[in-house]
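Colleague: I am new to this one. Could you walk me through how to read it, feature by feature?

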Amino acid sequence: MYAKIICAIGLGSRERAERLLRTSQALLTPGGELTVVHVIERSPSGDESPDNWAVSVIGEAEEKLNALCKRLGIIASVDVRMGTASKTLLIVAKEKKADLVVLATHASDILDRIFGSTVEYVTRHAECSVLIDRAEKSDHSATTKGKDKKG
């Protein structure tokens, strides 16, 4: 059981988000703190303060995540930020003094191979435990179909 958990919710399916939230809730010590984090990645525009688009997107994400938690009966604080997902998750975990970060993998793509994945970065640099929800086999089947054939 963990007293302070960060649950990272990305752009995946609602079912995956629900599974991550339920897993986080199950691992939380009674009276513990659950923080649901979503990071909006955007190319830097050079502006120091968020523009109208950013404020709108952050507000919409907070609203959706709060509604999801309420529907599942999960008490959590929601923290939506702009930035690089991997680094921002680690910043929030440090700020909250988290003892666990829960996040999910996705089907690997070429960008992951070039730049590395968020999960890989968080796993290597987190100062606390990390729980990784692996992508379902069906998530990988589309990207691996045909690669197993010997010719």
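Colleague: Let me start with L28. Which strand does L28 lie in?

Modeller: L28 lies in strand β2. Keep in mind that this is a predicted model.

Colleague: Is L28 buried or exposed?

Modeller: Look at the relative accessible area. Under 20% means buried. L28 has 9%, so L28 is buried.

Colleague: Which residues does L28 touch, leaving out those up to four places away in sequence?

Modeller: L28 touches M1, Y2, A3, I5, E33 and L34. Take Y2. Y2 and L28 are 26 residues apart along the chain, yet their C-alpha atoms are separated by 5.0 Å.

Colleague: Now H38. Where is H38 found?

Modeller: H38 is also placed in strand β2, which covers residues 28–40. Its relative accessibility is 12%, so H38 counts as buried.

Colleague: What lies 2.7 Å from a polar atom of the side chain of H38?

Modeller: The backbone oxygen of I9 does. I9 is also among the residues that H38 touches, once residues up to four places away in sequence are set aside. The others are G10, L11, A61, L65, D79, V80 and R81.

Colleague: Let us step back. How many helices and strands does the protein chain have?

Modeller: Six helices and five strands. Along the sequence, the pattern reads β-α-β-α-β-α-β-α-α-β-α.

Colleague: What share of the residues counts as buried?

Modeller: The chain has 151 residues, and 32% of them count as buried.

Colleague: And how should I read the contacts of the chain as a whole?

Modeller: Ask how far apart the partners sit in sequence. Take the contacts with a separation of 6 or more. Residues 24 or more positions apart account for 77% of those.

Colleague: Next, salt bridges. How do I spot one?

Modeller: Find a side-chain nitrogen of Lys or Arg within 4 Å of a carboxyl oxygen of Asp or Glu. By this rule the count comes to 10 salt bridges.

Colleague: Which residue forms a salt bridge with R16?

Modeller: D133 does, and the closest N and O atoms are 3.5 Å apart. The pair links distant parts of the chain. R16 is in helix α1, residues 14–27. D133 is in strand β5, residues 129–133, and 117 residues separate the two positions. With 11% relative accessibility, R16 counts as buried.

Colleague: Which other salt bridge does D133 form?

Modeller: D133 forms one with R19, where the closest N and O atoms are 2.9 Å apart. D133 lies in strand β5 and R19 in helix α1, so this pair ties together parts 114 residues apart in sequence. R19 is partly exposed, at a relative accessible area of 30%.

Colleague: What about E95?

Modeller: E95 forms a salt bridge with R81, the closest N and O atoms being 2.5 Å apart. E95 belongs to helix α3, residues 85–96, and R81 to strand β3, residues 77–82. The two are 14 residues apart. Both are partly exposed: E95 has a relative accessible area of 45%, and R81 has 23%.

Colleague: Which residues are linked in a network of salt bridges?

Modeller: R14, E18, R22 and R71 are. They appear again where α1 meets α2.

Colleague: How do I read that helix pair?

Modeller: Check the axes, then the residues. The axes of α1 and α2 come within 11 Å and cross at roughly 60 degrees. The crossing is right-handed. From α1, R14, A17, E18, L21 and R22 take part, and from α2, L68, C69, R71 and L72. The contact residues divide into five nonpolar, no polar and four charged.

Colleague: And α3 with α5?

Modeller: Their axes come within 8 Å and cross at roughly 35 degrees. This crossing is right-handed. A85, S86, K87, L89 and L90 of α3 meet T118, Y121, V122 and H125 of α5. Here the residues divide into five nonpolar, three polar and one charged.

Colleague: One last residue. What is the phi of K97?

Modeller: K97 has a positive phi of about 55 degrees, although K97 is not a glycine. K97 sits in the loop between α3 and β4. Over 50% means exposed. K97 is at 63% relative accessibility, so K97 counts as exposed.

Methods: Residues are numbered from 1 along each chain as its sequence is written. This is a predicted model: local features need pLDDT of at least 70, side-chain atom pairs count only at pLDDT 80 or more; totals for chains, interfaces and linings use all residues. Side-chain values use heavy atoms; hydrogens and water are left out. Helices (H or I, at least four residues) and strands (E, at least two) are DSSP runs, numbered from the N terminus. Buried means under 20% relative accessible area, exposed over 50%, partly exposed in between (1.4 Å probe, protein chains only). Axes are lines fitted to C-alpha atoms, for helices over the stretch in contact, and angles run from 0 to 180 degrees between N-to-C directions. A crossing is left-handed if the near helix is turned anticlockwise from the far one by less than a right angle, and right-handed if clockwise. Contact means heavy atoms within 4.5 Å. Ala, Val, Leu, Ile, Met, Phe, Trp, Tyr, Cys and Pro count as nonpolar, Asp, Glu, Lys and Arg as charged, and the others, Gly among them, as polar. A polar contact is a pair of N or O atoms within 3.5 Å; within protein, one must be able to donate a hydrogen and the other to accept it, and residues adjacent in sequence count only if both atoms are side-chain atoms.
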